[in-house]
Amino acid sequence: MLDRKFIVENAELVKNNCALRGSKADVDRFLVLDGKRREKQADVDDLNRQANEVSKSIGQTKDPAEREARKTRGRELRDKTAAAQADLDAIAAELDSVQRSIPNLSHPKAPVGGDDQANLELRKGKTPLPRFDFKPLDHVQLGERLALIDFEGGAKVAGHGFYFLKNDAVLLELALQRYALDLLIAEGFTPTITPDLARNEVLQGTGYIPRGPETQIYSIADSDLSLVATAEITLGGLLSDEIVDAERLPLLFCGISHCYRTEAGAHGRQTRGLYRVHQFTKVEMFAFTLPEASEAMLDRFCDLECRLFDGLGIPYRVVDTATGDLGGPAYRKFDLEAWMPGRGEAGEYGEVTSTSNCTDYQSRRLGIRYRTKGEKGTQFVHTLNGTAIAISRALIAILENYQEADESVRVPEALRPLVGKERIVAPAG
RNA sequence: GGAGAGGUGGCUGAGUGGUCGAAAGCGCGGGUUUGCUAAACCCGUGACCGGGUAACUGGUCCGCAGGUUCGAAUCCUGUCCUCUCCGCCA
């Protein structure tokens, strides 16, 4: 969320930004509530002060009658205080909910627009688009013919949107995890495998909303836990309510987690195959940085994503995400869209990774601060997240780009030592 | 799952109803001493929300949420977490 004082002092800016983002957050309501809150707070403070004075004086009063008189006075004051506090709590609760609904500011260079149609292509990857002298199959067909993906089996045990990976697809999944990890470890990231469940409080801190009507999140009955939609949630929560020394920053983590998404309201759009599924594995990058370092870190994350996909020999383009498509927490976001030859009439780009600079929007909610030696007070860190590799979508890109006329699939050079073979062919029989 | 112990400031750790936002130590900042460094000594040093140009000042915070009381770090209830032991188990 944004800083309360900042919103008050920059109300017009915040309102304009809400408009750019297509957010319906009620900034005017926020301003009214904030004024009320301050008045009420002053009342409560004053009553508390009086009550504290009376309480202190009782301890020093010897005369029993005088003590009783002061106790009565104290009771009266505490009653008034409690009433005022209740008013204040009600105001503060509404204020907080409005404040949380206000999206982060937008980077001045982020393209303005209502949805992903306005995204701006920045550049393309090193690998040229593949040329096929046959009609390429899509990954669903390939997955079936090579016995790599079993959607029917997945649907049978867990419903539509679930799948079994089989045979060499399992090796590919593990190879992709290891491939991403090897690069990130070399880059100084601390590798982690994170919980697949998190407290709802942590979900909310990172900007995810469990149990809403349009929630993307699976909740666990009779608990305050949800299945995570990404390791961004668990890695962000890792340092919640902590104060770190400035010289320890930046902190770089990468995390393997399973990602669970209900995909509520996503029916009818790109639901074929592995593109939009309820569960997949992801290697996620996460950074906590000083405020002045977050822009450069976003470029670094984007560059790492490019290196991973260049290394896999997959064609892609990088897009700068439009303001209306940024969601709540992101200040700026870059997506990698890989070429998927089996998609649409003659191939289309489809999002495979995404990296965001959330500035202090998440850290303010999560209470993640840093302290600089010799300086008074603390400040909020900046948080960034980026997909290293989302396995399901990477699989689509690999299968479709590396297919051959005989329906076999070459294993990308970089993965061959990890998969242990050069080519995936249909199992005998 | 059963039995205990405990969660206090950046860290360690005192504190069992009033003057405690909280001893002491570490760390950190400043100073004295010093050829330099180190050591020693002295002073200062929590976070958050308000008011004030400022000096300064009001309030909140001792895992979290409630309760008792004029008054709670301290007593009570619930909850989360950590540790030890027992049971079960991959």
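**Exercise 1. Strand E12 and its partners**

In E15, which residue is the bridge partner of Thr355?

Solution. The structure is a predicted model, in which local features need pLDDT of at least 70, side-chain atom pairs count only at pLDDT 80 or more, and totals for chains, interfaces and linings use all residues. Residues are numbered from 1 along each chain as its sequence is written, chains are lettered from A and ligands numbered from 1 in the order in which they are written, and side-chain values use heavy atoms, with hydrogens and water left out.

Step 1. Strands (E, at least two residues) and helices (H or I, at least four) are DSSP runs, numbered from the N terminus. Two strands pair if DSSP finds at least two bridges between them.

Step 2. E12 and strand E15 (residues 382-390) are paired antiparallel through three bridges. The partner of Thr355 in E15 is Gly386.

Step 3. Strand E11 (residues 332-340) also runs antiparallel to E12, joined to it by nine bridges. Here Asp335 is opposite Ser354 of E12.

Step 4. Buried means under 20% relative accessible area, exposed over 50%, and partly exposed in between (1.4 Å probe, protein chains only). Strand E12 (residues 348-357) has eight of its 10 residues buried.

**Exercise 2. The sheet containing E13**

Determine the strand order of the sheet E7-E13-E14 and identify its edges.

Solution. Step 1. The sheet is open, has three strands in the order E7-E13-E14, and shows mixed pairing. Strand E7 (243-245) and strand E14 (379-380) are the edges; each has a single partner strand, so one side of each lacks a neighbour in the sheet.

Step 2. E7 runs parallel to E13, with three bridges between them. Ile243 faces Arg369 of E13 in this pairing.

Step 3. Confidence is given by pLDDT, the predictor's score for each residue, from 0 to 100. Among the elements of chain A, E7 has the lowest mean pLDDT, 85, and helix H10 (residues 294-311) the highest, 98. Chain A averages 92, and 99% of the residues score at least 70.

**Exercise 3. The surface near RNA strand B**

Describe which residues and elements form the surface near RNA strand B.

Solution. Step 1. A residue is near a strand if one of its heavy atoms lies within 4 Å of it. Of the 23 residues around RNA strand B, those that come nearest are Arg4, Arg38, Ser55, Ile58 and Arg75.

Step 2. At least two residues each come from helix H1 (4-9), helix H3 (27-59), helix H4 (64-101) and strand E13 (369-371). H3 gives the largest share, eight residues.

Step 3. Ala, Val, Leu, Ile, Met, Phe, Trp, Tyr, Cys and Pro count as nonpolar, Asp, Glu, Lys and Arg as charged, and the others, Gly among them, as polar. On this basis the surface has 15 charged, seven polar and one nonpolar residue.

Step 4. On the RNA side, 76% of the atoms within 4 Å of the protein belong to sugar or phosphate, and the rest to bases. A sugar or linking oxygen lies 2.9 Å from a side-chain N or O atom of Asp45. For Arg199 the corresponding distance is 3.2 Å, and for Arg371 it is 3.2 Å.

**Exercise 4. Domains**

State the domain bounds of chain A and how far apart the domain centres lie.

Solution. Bounds come from an automatic or database domain assignment. This assignment gives domain 1 (4-101) and domain 2 (116-424). Their C-alpha centres are 42 Å apart.

Note on methods
Polar contact = N/O pair within 3.5 Å; in protein donor to acceptor, adjacent residues only side chain to side chain.
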